[in-house]
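I am opening a fresh page for this structure. My plan is to look up strands, then helices, then cores.

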Amino acid sequence: MTCEEFELAGLDLETMQEDDPVRSAAREHLRSCARCAALHENWQTLRADLQAVGAETQEAEAPARVEMRLRQEFRTRHKTVKARRAAVYAGWTLAAAAVVVAAVSWANWRHENGKGSTPSAVNSAQGVNMNKTTPAGPELGETIVAANDAGDFTLLPGSFPGMLEDATVVRVQMQRGALSALGLTVNEERAADLIQVDLLVGDDGQPQALRLPQTTN
Amino acid sequence: MHIEAQERDDVLLRRSAKGDEGAFTELYRRHQAPLYRFALRMSGNVWAAEEIVQDVFMTLIREPKKFDPQRGALRSFLFGITRNRVLKHLERVPRELLHEELDEDAIGQRGRAFEAMTPAEWAEVRERREQVRAAVLKLPVEFREAVVLCGLEELSYDEAARLLDCPVGTIRSRLHRGRALLLAKLEMLRDTPKRAGASR
């Protein structure tokens, strides 16, 4: 073995297998070369120094505060993700509920409308027939096609029964005093009362007749 | 949640990604020490090592899907991140050379090992260690990595090659160069007779 070969291979002399031919050759070279023997000795010293330096920090670990901070971060992150997920679920649930409510309302409206329009179509050609009313009457603000069945409607001054074809019934809330603007007589003492009134509104958008539902005094 | 001692890293990581804090803690405890030691020995700075390890595991919390079990073990993945962080740190602070104060445990251990020494001997040993440590920290990064892994952490060449993602021959030659530089820095070669025709 030459000195160059020893420098390359002899570094790991101590860790080589006993029966490794390189090891025996290196040992042989060491016996005959003072320089390589000195070099080898220096390597051994350096190895021991490195091991000692390594041993000083062999048990070194990250301080406990690192684990604490990481776990805190872990919790925060996963809590945030959970909260975000819950918000998304809640949003979708609300949206789905809104769609269901809208669908049911629409179906009901269609159903009610379908029932109401049949007599209307039949009766519309006959003008106003004031013999029948919708049992409960329309809700406040609700508009229905006039079924010409509002027997207790009072024609407003200047209106004629012929104008009530295709009129619609609109339930509104107003102060009793406002009736005077429609040409009706009002008890001044109760003029400030809020009352519900069913107005029969003609094609021109003008009220043609009205009635006071039973609940209104 | 119960954690099996030998539960595989990738299984733990999957559980951790789903929010299992126990799985994350187990992963951390399994891997933090060698990563911390590597960062400490490469940087020579306990604060930097602490920050680097924290950063590495933050990455694991934030982007667990970055780890692909098909490409290797979690240990190698974490080591790769640690190595990158260390290199970045060394670029930022290239002249940060000496270890800061070692923690109490390390000092205690060292004290017990040398309790039979006289104060003069102890001082000499301590000075020698400081010189070796400083010499390691002055090595170029690629040689320092090889020396830290094979010389200080005492990993085999194969293990070091796996962690550094390079051939074993590269590790061997880097280690050889690293040791030669260390010897030169420590002036151990001062009394070694020169080989005929060799230039140093």
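**Entry 1: strands.** Before I look at partners, I note the term: two strands pair if DSSP finds at least two bridges between them. I also note that I am reading a predicted model.

I began with strand 4 of chain A, residues 194-201. Strand 3 of chain A, residues 168-175, is joined to strand 4 by eight bridges, and the two run antiparallel. I looked up one position: A:Thr168 of strand 3 faces A:Val201 in strand 4 of chain A.

Next I followed strand 4 of chain A to strand 5, residues 207-211. Four bridges link these two, again in an antiparallel arrangement. Which residue of strand 5 is the bridge partner of A:Leu200? I found A:Ala209 there.

The hairpin of strands 4 and 5 of chain A has five residues between the strands. Among them I checked A:Gly205, which has a positive phi near 85°.

**Entry 2: a loop residue.** I then turned to A:Phe160. I found A:Phe160 in the loop between strand 2 (154-155) and strand 3 of chain A. Is A:Phe160 buried or exposed? I counted 10 C-beta neighbours inside 10 Å, so A:Phe160 is exposed, the cut-off being 12 or fewer. I also looked up its distance to A:Gln208. The two are 48 residues apart in sequence, yet their C-alpha atoms lie 7.8 Å apart.

**Entry 3: helices across chains.** I looked at helix 3 of chain A (residues 34-56) and helix 9 of chain B (residues 168-185). They pack at an angle of about 95°, and their axes are 11 Å apart. Because angles of 65 to 115 degrees count as roughly perpendicular, I wrote that word down for this pair.

From helix 3 of chain A, the contact takes A:Asn42, A:Trp43 and A:Leu46. From helix 9 of chain B, it takes B:Arg179, B:Leu182 and B:Leu183. By class I listed four nonpolar residues, one polar and one charged.

**Entry 4: cores.** Last, I looked up the nonpolar cores. The largest has 55 residues. Those with the most contacts inside it include B:Leu35, B:Tyr36, B:Ala39 and B:Ala146. Which helix gives the most to this core? I found helix 2 of chain B, residues 21-43, with 10 residues.

I picked out B:Ala146 and set aside its neighbours within four places in sequence. Its contacts are then B:Ala160, B:Ile171, B:Arg174, B:Leu175 and B:Gly178.

A second, separate core has nine residues. I noted A:Phe153, A:Leu199, A:Leu200 and A:Val201 among them.

Terms used. Residues numbered from 1 in each chain as written. Chains lettered and ligands numbered in written order. Predicted model: local features only at pLDDT ≥ 70, side-chain atom pairs only at ≥ 80, totals over all residues. Core = buried A, V, L, I, M, F, W, Y, C linked by C-beta atoms within 7 Å. Buried ≥ 20, exposed ≤ 12 C-beta atoms within 10 Å, placed from the backbone. Contact = placed C-beta atoms within 7 Å. Axes fitted to C-alpha atoms, helices over the stretch in contact; angles between N-to-C directions. Parallel < 35°, antiparallel > 145°, perpendicular 65-115°, else oblique. Nonpolar A, V, L, I, M, F, W, Y, C, P; charged D, E, K, R; others polar.
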